[in-house]
Amino acid sequence: MILPRWIPLLGGRRIHPMAAVVPAGFGALTLTVLWMPFVAWWATPHPDMTALGNVIVGFLYLPLVAWGPLLGAVTLSYHRRRRVERPE
């Protein structure tokens, strides 16, 4: 990948794929750890919420649980596509 020329100091230079893979992988791991406790939302009682409110909140926040693993999947896909093959 080559940076656009309008970017100061770095424009027109080639970027190594690991410069994107490493931060994205770290972000995927962080998001997965951050939102994983929310998977148990329906298993814990919430005394201040109605049953309908509990279901609505659970479904509204459910995409956040998938965000980390999905980011990890697209990061792995990017890494596999951009990986440099070494001659044997």
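T75 sits in helix 2 of this predicted model. With a relative accessibility of 10%, T75 falls under the 20% cut-off and therefore counts as buried. Leaving aside residues up to four places away in sequence, T75 touches V21, A24 and G25. These three partners belong to the helix 1 side of a contact between helix 1 and helix 2, and T75 is part of the helix 2 side.

That helix pair is worth a closer look. Helix 1 covers residues 18-35 and helix 2 covers residues 51-82; their axes come within 8 Å and cross at roughly 155 degrees. Since angles over 145 degrees count as roughly antiparallel, helix 1 runs roughly antiparallel to helix 2. The crossing itself is left-handed. On the helix 1 side, the contact is made by M18, A20, V21, A24, G25, G27, A28, L31, T32 and W35. Helix 2 brings in Y61, L64, V65, W67, G68, P69, L71, G72, T75, Y78 and H79. Sorted by class, the contact has 14 nonpolar and seven polar residues, and charged residues are missing from it altogether. Glycines turn up on both sides, with G25 and G27 in helix 1 and G68 and G72 in helix 2.

Aromatic rings add another link. The structure holds three aromatic pairs. One of them joins F38 and Y61, with ring centres 5.4 Å apart and 55 degrees between the planes, a tilted arrangement. F38 lies in the loop between helix 1 and helix 2, while Y61 is in helix 2, so this pair ties together parts that are 23 residues apart in sequence. The two partners differ in how much of them is accessible: F38 is buried, at a relative accessible area of 16%, whereas Y61 is partly exposed, at 38%. Ring pairs also bring in W35, linking W35, F38 and Y61 into a cluster. Two members of that cluster, W35 and Y61, reappear in the helix contact, W35 from helix 1 and Y61 from helix 2.

N54 is another residue of helix 2. Its relative accessible area is 15%, so N54 is buried as well. Once residues up to four places away in sequence are set aside, N54 touches W41, W42, H46 and M49. Two buried residues of helix 2 thus have separate sets of partners: T75 touches V21, A24 and G25, and N54 touches W41, W42, H46 and M49.

Definitions and conventions:
Residues are numbered from 1 along each chain as its sequence is written. This is a predicted model: local features need pLDDT of at least 70, side-chain atom pairs count only at pLDDT 80 or more; totals for chains, interfaces and linings use all residues. Side-chain values use heavy atoms; hydrogens and water are left out. Axes are lines fitted to C-alpha atoms, for helices over the stretch in contact, and angles run from 0 to 180 degrees between N-to-C directions. Helices (H or I, at least four residues) and strands (E, at least two) are DSSP runs, numbered from the N terminus. Angles under 35 degrees count as roughly parallel, over 145 as roughly antiparallel, 65 to 115 as roughly perpendicular and the rest as oblique. A crossing is left-handed if the near helix is turned anticlockwise from the far one by less than a right angle, and right-handed if clockwise. Contact means heavy atoms within 4.5 Å. Ala, Val, Leu, Ile, Met, Phe, Trp, Tyr, Cys and Pro count as nonpolar, Asp, Glu, Lys and Arg as charged, and the others, Gly among them, as polar. Rings of Phe, Tyr and Trp (its six-membered ring) pair if their centres lie within 6.5 Å; planes under 30 degrees apart count as stacked, over 60 as edge-to-face and the rest as tilted. Buried means under 20% relative accessible area, exposed over 50%, partly exposed in between (1.4 Å probe, protein chains only).
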